[in-house]
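User: I've got a model to go through with you. Can you pull it up, and we'll start with what counts as touching?

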Amino acid sequence: LSTLLGFLAFTLTTSSFLRQQTEATALVQEALEAIRNFRDGTGWNDNDPQNKYDGLGQAQTGVAYHVALSEDVLPRWQLLLASETLGIFSRNILFENVQRDVNDDIVASGGVQDPDTKKVTVTVSWTAKTKAHEVVVVSYFTNWRQ
């Protein structure tokens with residue numbers, strides 16, 4: 001009986017963790033799709049005085065952002081400063097400048113800054129049973145209209 005109860009407890013814990021990890025992955029994908037939609041509907045170097053529709057080329061590096069739908073009649077995605085909390089999850093988006101070498105390959109350092117590419121890191125983190133978890137995805141966005 002104790003073996004059966006132990007197995008049941010393990011199964012419930014594993015099931016709960018897998019559900020949370022699936023939800024975290026979906027939140028990461030949602031953010032990436034929202035950023036893609038935002039990029040496609042905003043000029044790369046647009047500079048909005050209210051800082052809600054600045055293009056990706058204007059995004060500050062090393063500062064946490066989150067995505068949100070506007071309350072306009074026709075809602076649009078916005079990039080807003082600060083992380084966000086969604087239930088048990090914390091989601092943040094970080095932008096970094098990109099450098100390219102003489103072969104036009106992306107390099108970590110030693111290249112020339114590419115003003116038409118941004119590295120985007122989306123992190124969703126949560127704590128379950130006193131253990132920290134996170135899903136991190138890195139993607140690159142380009143100024144495809146150039």
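Analyst: Contact here means heavy atoms within 4.5 Å. This is a predicted model, where local features need pLDDT of at least 70 and side-chain atom pairs count only at pLDDT 80 or more, while totals for chains, interfaces and linings use all residues. Residues are numbered from 1 along each chain as its sequence is written, and side-chain values use heavy atoms, with hydrogens and water left out.

User: OK, so which residues is Gly57 in contact with?

Analyst: Skipping neighbours within four places in sequence, Gly57 has contacts with Trp44, Asn45 and Lys118. Gly57 sits in the loop between helix 1 and strand 1.

User: Is Gly57 exposed or only partly exposed?

Analyst: Partly exposed, at a relative accessible area of 23%. Buried is under 20%, exposed is over 50%, and partly exposed is in between (1.4 Å probe, protein chains only).

User: And how are the C-alpha atoms of Gly57 and Ser125 separated?

Analyst: By 26 Å, with the two positions 68 residues apart along the chain.

User: Let's zoom out. How many helices and strands are in the protein chain?

Analyst: One helix and seven strands. Along the sequence the order is α-β-β-β-β-β-β-β. Both kinds are DSSP runs numbered from the N terminus: helices are H or I with at least four residues, strands E with at least two.

User: What radius of gyration does the chain have?

Analyst: It comes to 19 Å, where a compact globule of 146 residues would be near 15 Å. That uses C-alpha atoms, and the globule rule is 2.2 Å times the number of residues to the power 0.38. The C-alpha atoms fill a box of roughly 65 × 45 × 20 Å along the principal axes.

User: What share of the residues count as buried?

Analyst: 33% of the 146 residues. The chain exposes about 9,100 Å², and carbon and sulfur atoms supply 54% of that (Shrake-Rupley areas, 1.4 Å probe).

User: Which residues have the most contacts inside the largest nonpolar core?

Analyst: That core has 25 residues, and the ones with the most contacts inside it are Ile35, Leu56, Leu79, Ile93, Phe95, Val120 and Val122. Helix 1 (2–41), strand 1 (65–69), strand 4 (89–100), strand 6 (112–128) and strand 7 (131–142) each put at least two residues into this core. Helix 1 gives the most, with eight residues. A nonpolar core is a set of buried Ala, Val, Leu, Ile, Met, Phe, Trp, Tyr and Cys residues joined through side-chain atoms within 4.5 Å.

User: So what is Ile35 in contact with?

Analyst: Leaving out neighbours within four places, Ile35 contacts Leu56, Val67, Leu79, Ile93, Val120, Val122 and Phe141. For the chain overall, take contacts between residues at least 6 apart in sequence: 50% of them join residues at least 24 apart.

User: New topic, backbone angles. Which phi value does Lys129 have?

Analyst: Lys129 has a positive phi of about 55°, although it is not a glycine. Thr130 is another non-glycine with positive phi, near 65°. Lys129 is in the loop between strand 6 and strand 7, and so is Thr130.

User: How exposed is Lys129?

Analyst: Lys129 is exposed at a relative accessible area of 70%, and Thr130 is exposed as well, at 81%.

User: There's also Gly111. Where is Gly111 found?

Analyst: In the loop between strand 5 (106–107) and strand 6. Gly111 is partly exposed, with a relative accessible area of 25%. The C-alpha atoms of Gly111 and Asp101 are 4.6 Å apart, for residues ten apart along the chain. Beyond neighbours within four places, Gly111 contacts Gln99 and Arg100.

User: Last one: what does Thr61 touch?

Analyst: Phe95, Glu96, Asn97 and Lys118, not counting residues up to four places away in sequence. Thr61 lies in the loop between helix 1 and strand 1 and is partly exposed, with a relative accessible area of 38%. From Thr61 to Asp46, 15 residues apart along the chain, the C-alpha atoms are separated by 16 Å.
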